[in-house]
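Here is a relaxed walk through a protein chain for anyone meeting it for the first time. Have a look at the sequence and the model, then read on.

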Amino acid sequence: MRRVVRQSKFRHVFGQAVKNDQCYDDIRVSRVTWDSSFCAVNPRFVAIIIEASGGGAFLVLPLHKTGRIDKSYPTVCGHTGPVLDIDWCPHNDQVIASGSEDCTVMVWQIPENGLTLSLTEPVVILEGHSKRVGIVAWHPTARNVLLSAGCDNAIIIWNVGTGEALINLDDMHSDMIYNVSWNRNGSLICTASKDKKVRVIDPRKQEIVAEKEKAHEGARPMRAIFLADGNVFTTGFSRMSERQLALWNPKNMQEPIALHEMDTSNGVLLPFYDPDTSIIYLCGKGDSSIRYFEITDESPYVHYLNTFSSKEPQRGMGYMPKRGLDVNKCEIARFFKLHERKCEPIIMTVPRKSDLFQDDLYPDTAGPEAALEAEEWFEGKNADPVLISLKHGYIPGKNRDLKVVKKNILDSKPTANKKCDLINIPKKTPDTASVQNEAKLDEILKEIKSIKDTICNQDERISKLEQQMAKIAA
């Protein structure tokens, strides 16, 4: 006989909001009309994009700093336009990237215990987009590789360690890019765009591997993310404005593996995926619920599990990496839900009677160690994430500081499109400039000579004193 109810250890996953004193209160969450999650979380900090006068800012709070947040609490505020997206580096819990309306991407190093003063100086500023930057996403396995996508329909992949743009995909999208997702080993990206296409792109070969026109027929924004098995999961709208979710095989994008219609709400569905349990959580902007589904190999492939509902609608959502969860409480996901004035953690747990470590819930998960250096990835190497066990909980190690080594720009010859920049530089009259330089050089040489003389004199004095000491000792 066919079982009516499908067996799954995640059927009884339940969500619970934390108590009021464990929320982050009195936060003015950004009102920018942009469909990003406005929140990024890791095992040390929660970062939230906030309203800021005269530029863009976001808060970075240590996880334990709950309760009311003072209005004068320091912020990260180096952008001159509103911040649209933030993303924590998966290999360093103190490094975060931000994209802004001011057309720049900035990478910040947060002090170990959080901010005591507002941070205005990023470690590096990445300039290359001609319009606002709405998406930033770190490479999952290679250190210091960052992707950014802007409203100029371009995707740029940066080596943050040198501050250089190494790959520029500026001719693949004819319209605005809604989101970009890396696959598990970071060899491919998939994108959803306003032209209703879902594309799978090999960024290093700079070619489109697969694409699907009208993945969802509706005009409202779509999302596309890679799953661990290489399939692509999308959310979007039907022609009748019903919200849909679909599963695709990039090797054959003609028809979806599965397509489900959900409801007629108009909030964009933000998907959050856990590769260890194959669960997808869908959080609609403006919804007051989180729906979750399990992805399996058997029909209908996308299985509805349950819905967590609350009264307040969500402005945005942060999703904690697996290593930040409490394994002793069988916690399999933690969300940070943004209200208008606060951030409320929501904990998803699997009810179990035993206190022992549940290894079926916690297979080895991606750890903070990078599998590749940036240069190796750009040269064509791939590597899966370095996995760690959560058996005894995750203990954060010491993060190394992000160092940016600027290459000598004089080594690289200016390319054709740089010529115009060179023309615009105001030229000093060569004779006055060279005279000033010569005078400066003379000054430095004199100073070096006088220091050398002093050192010689001191050496002589030391040797005389040593001789005197030797005589006294004898």
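Which residues touch the most other members of the largest nonpolar core? In this predicted model, they are Ile-27, Val-46, Ile-48, Phe-58, Val-60, Ile-110 and Phe-336, out of 40 residues in that core. Several strands chip in: strand 3 (39-41), strand 4 (45-50), strand 5 (56-62), strand 8 (83-88), strand 10 (104-109) and strand 29 (331-338) each give two or more residues. Strand 4 supplies the largest share, with six residues.

Val-46 is a good place to zoom in. Leaving aside residues up to four places away in sequence, Val-46 touches Tyr-24, Cys-39, Ala-40, Val-41, Leu-59, Val-60, Leu-61, Leu-63 and Phe-336. There is also a second, separate core, made of 25 residues, and Val-13, Leu-270, Tyr-281 and Ile-346 are among them. As a general rule, nonpolar side chains in soluble globular proteins tend to be buried together.

Now for the chain as a whole. Its secondary structure adds up to three helices and 32 strands. Of the 474 residues, 50% are buried. Take the contacts with a separation of 6 or more: 53% of them link residues 24 or more positions apart. The C-alpha atoms fill a box of roughly 105 × 65 × 45 Å along the principal axes. The accessible surface is about 24600 Å², and carbon and sulfur atoms account for 50% of that.

How does the domain assignment split the chain? It gives domain 1 (12-386) and domain 2 (442-473). The C-alpha centres of domain 1 and domain 2 are 63 Å apart.

Next come two open sheets. One has four strands in the order 8-9-10-11, with antiparallel pairing. Strand 8 and strand 11 (124-127) sit at its edges, each pairing on one side only. On average, neighbouring strands of this sheet are turned by 20° against each other, direction ignored. The other sheet also has four strands, in the order 24-25-26-27, and its pairing is antiparallel too. Its edge strands are strand 24 (269-274) and strand 27 (302-309), and each of these pairs on one side only. Here the average turn between neighbouring strands is 25°, again with direction ignored.

One strand pair from each sheet is set out below.

| Strand pair | Bridges | Sense |
|---|---|---|
| Strand 8 and strand 9 (residues 95-100) | five bridges | antiparallel |
| Strand 25 (residues 279-284) and strand 26 (residues 289-295) | five bridges | antiparallel |

You can follow single bridges in these pairs as well. Asp-85 has Gly-99 in strand 9 as its bridge partner. Ile-279, for its part, is matched with Glu-294 in strand 26.

Last stop: a residue in a loop. Lys-403 lies between strand 32 (387-388) and helix 2 (419-424). Is Lys-403 buried or exposed? Lys-403 counts as exposed because its relative accessible area is 59%, and the cut-off for that label is over 50%. Which distance separates Lys-403 from Val-123 in space? From C-alpha to C-alpha they are 7.7 Å apart, while in sequence Lys-403 and Val-123 are 280 residues apart.

Note on methods
Residues are numbered from 1 along each chain as its sequence is written. This is a predicted model: local features need pLDDT of at least 70, side-chain atom pairs count only at pLDDT 80 or more; totals for chains, interfaces and linings use all residues. Side-chain values use heavy atoms; hydrogens and water are left out. Buried means under 20% relative accessible area, exposed over 50%, partly exposed in between (1.4 Å probe, protein chains only). A nonpolar core is a set of buried Ala, Val, Leu, Ile, Met, Phe, Trp, Tyr and Cys residues joined through side-chain atoms within 4.5 Å. Contact means heavy atoms within 4.5 Å. Two strands pair if DSSP finds at least two bridges between them. Axes are lines fitted to C-alpha atoms, for helices over the stretch in contact, and angles run from 0 to 180 degrees between N-to-C directions. Domain bounds come from an automatic or database domain assignment. Accessible areas come from the Shrake-Rupley method with a 1.4 Å probe; for residues, only the protein chains shown count as cover.
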